[in-house]
2 protein chains.
Amino acid sequence: MDIKEIEKFLKFNQIKPSHHRLKIYEYLVKNKNHPTVDLIYKELVDEIPTLSKTTVYNTLNLFVEKGAVQLITIDESENRYDADMSIHGHFKCKHCGKVYDFPVKFSAMDMGGLQNFQVEENHIYLKGLCNECQIKKEV
Amino acid sequence: MDIKEIEKFLKFNQIKPSHHRLKIYEYLVKNKNHPTVDLIYKELVDEIPTLSKTTVYNTLNLFVEKGAVQLITIDESENRYDADMSIHGHFKCKHCGKVYDFPVKFSAMDMGGLQNFQVEENHIYLKGLCNECQIKKEV
DNA sequence: TAAATATATTGTAGTGATTACAAATCGAAA
DNA sequence: TTTCGATTTGTAATCACTACAATATATTTA
C-alpha cells in the first residue's frame, strides 16, 4: 500500500488525509506490530519533529471512530492499534510481551444465549507463552 | 455457595479467608454482574463500614493472582471481575452498558498459527446492542 | 491574490483508575 | 496477655488518556 492508496483509503473512510494522518496510517500498515500510542509517537517524531503526542491520540481515535483501524485492549494499561480490520484474534506472550495475530473461525464459535444480539465488535484475546519463549525456558 | 463453602474454596486456592475476603468473594458469587471495584466497594461499605477501597483492590488482585477470580477487561477504563472461572465469553451492550455471559466452544476456534503456544488465559469480548436495547430502539 | 472561514495540530492542565507505601489494626500462637 | 506476622487503611503518587484553548495550516470566497 503506497501513499496514494493510503490517501484513497482514508478518503473512502471520510477522513481528510492530512500529512500526519497519512504518516500514522502508513506506520500502522507497514509495521504490523500492534503499537501503542507511545511507540507510534517515538517512531515518527524523528521524521516529523513537530509531531505532538496529542495528535497521535486524536488521530487514532478518529481512525477508530471511522472504522479505519481497530482498537486492541489486550493490554490492561495501554491501548494498541491494528490496521487489519478483518476478524482475527490476538495472542499476547506474558514473557516477551509480543502480540501475535491468529485466524479465528468466528462462525464456529457457538454463541447460544445471544439470540437477537447485534454484534458490532469482536475481541478475541489469548495470553500465555509464545513458541519462542517456551523454547528458551526449556533450555 | 454458603460462607462455609466459600471459606473452603478460598483456602483451597491458598487464600487466607479473612472477613473482608469472604465478603468480597461472596458478593462476586451472589451477584453475577461483573462488577467494578467501585461497585463492590459501594455495595459492601454499608455492611462493612470500615472497608477501604484499597482493600477491595488488594483483595481482587490477590484473587486473580491465585486463580480464584478472573479479570475482565472488556471496559477500556475500568476493570471488572467474574467469579465464574469456566471458559465463556462476555458481551457488553454499548447502549445500556450491561455485560452478559455467553457460552463459547473454545475448541471450535481454529487457531492455526499458534502451534506450540501455551495458552493460559482466554478473553472473548463482543460488543454491540443487546436484545432489550434493540427492541427499545425499534419502538 | 488576499481576506475570511474552517480544520488540524499543539501544549498544558486536568481526570480518574490503579498502585506504592508506611502506619495502624487485627488475629493466631505461645 | 504478649508477641509476631498478616491484613487493612489512608494518603500520596503514577500514568495513560482527555479537555480545552491557542496557534498554525488549509480551504473557500470575494
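Domain bounds here come from an automatic or database domain assignment. With that in hand, let's start the tour.

**Before you click**

This is a predicted model, in which local features need pLDDT of at least 70 and side-chain atom pairs count only at pLDDT 80 or more, while totals for chains, interfaces and linings use all residues. Residues are numbered from 1 along each chain as its sequence is written, and chains are lettered from A and ligands numbered from 1 in the order in which they are written.

**Stop 1: the two domains of chain A**

Select residues 3-82 of chain A for domain 1, then 88-138 for domain 2. Their C-alpha centres lie 23 Å apart. How many residues of domain 1 of chain A are in contact with domain 2 of chain A? Five residues of domain 1 touch five residues of domain 2, where contact means that two C-beta atoms, placed from the backbone, lie within 7 Å. On the domain 1 side, these comprise two nonpolar, two polar and one charged residues. For these classes, Ala, Val, Leu, Ile, Met, Phe, Trp, Tyr, Cys and Pro count as nonpolar, Asp, Glu, Lys and Arg as charged, and the others, Gly among them, as polar.

**Stop 2: Pro17(A)**

Stay in chain A and select Pro17(A), in the loop between helix H1 (3-12) and helix H2. Helices (H or I, at least four residues) and strands (E, at least two) are DSSP runs, numbered from the N terminus. Is Pro17(A) buried or exposed? Pro17(A) is partly exposed, because 16 other C-beta atoms lie within 10 Å; a residue is buried with 20 or more such atoms within 10 Å of its own C-beta, exposed with 12 or fewer, and partly exposed in between, all placed from the backbone. Now show its neighbours: leaving out residues up to four places away in sequence, Pro17(A) touches Glu7(A), Leu10(A), Lys11(A) and Leu22(A). Glu7(A) is ten residues from Pro17(A) in sequence, with 5.8 Å between their C-alpha atoms.

**Stop 3: around the DNA**

Next, show DNA strand C and the 19 residues around it; Lys16(A), Ser18(A), His20(A), Thr55(A) and Asn79(B) come nearest. A residue counts as near a strand if its C-beta atom, placed from the backbone, lies within 6 Å of it. Helices H2 (19-30) and H4 of chain A, together with H4 of chain B, each give two or more residues to this surface. H4(A) supplies the largest share, four residues. By class, the surface near strand C has three nonpolar, 13 polar and three charged residues.

Then switch to DNA strand D. Of the 19 residues around strand D, Asn79(A), Lys16(B), Ser18(B), His20(B) and Thr55(B) come nearest. Two or more residues each come from H4 (53-65) of chain A and from H2 (19-30) and H4 (53-65) of chain B. H4(B) gives the most, with four residues. Near strand D there are three nonpolar, 13 polar and three charged residues.

**Stop 4: along H4(B)**

While helix H4 of chain B is on screen, pick Glu65(B), which is found in it. Glu65(B) is exposed, because 12 other C-beta atoms lie within 10 Å. Draw a distance to Asp101(B), 36 residues apart from Glu65(B) along the chain: the two C-alpha atoms are separated by 22 Å.

**Stop 5: where the chains meet**

Bring both protein chains into view. A rotation of 180° with 0.0 Å of shift along its axis superposes chain A on chain B, with an RMSD of 0.0 Å, fitted by least squares on the C-alpha atoms of residues with pLDDT of at least 70 in both. The two copies are thus related as by a two-fold rotation axis. In chain A, the C-alpha nearest this axis belongs to Ile124(A), 2.3 Å from it.

Select the contact next: 32 residues from chain A and 32 residues from chain B. On the chain A side, strand E4 (99-103), strand E5 (118-129) and helix H5 (131-138) each give two or more residues. E5(A) gives the most, twelve residues. The chain A side divides into 15 nonpolar, ten polar and seven charged residues. Because 100% of the interface residues of chain A are also interface residues in chain B, the copies meet through the same surface.

**Stop 6: the paired strands**

Finish with the E5 strands. E5(A) and E5 (residues 118-129) of chain B pair in the antiparallel sense over eleven bridges; strands pair if DSSP finds at least two bridges between them. Which residue of E5(B) is the bridge partner of Glu121(A)? The partner is Lys127(B), and Lys127(A) has Glu121(B) as its bridge partner. Within chain B, strand E3 (residues 88-93) runs parallel to E5(B), joined by four bridges. Phe91(B) stands opposite Leu126(B) there.
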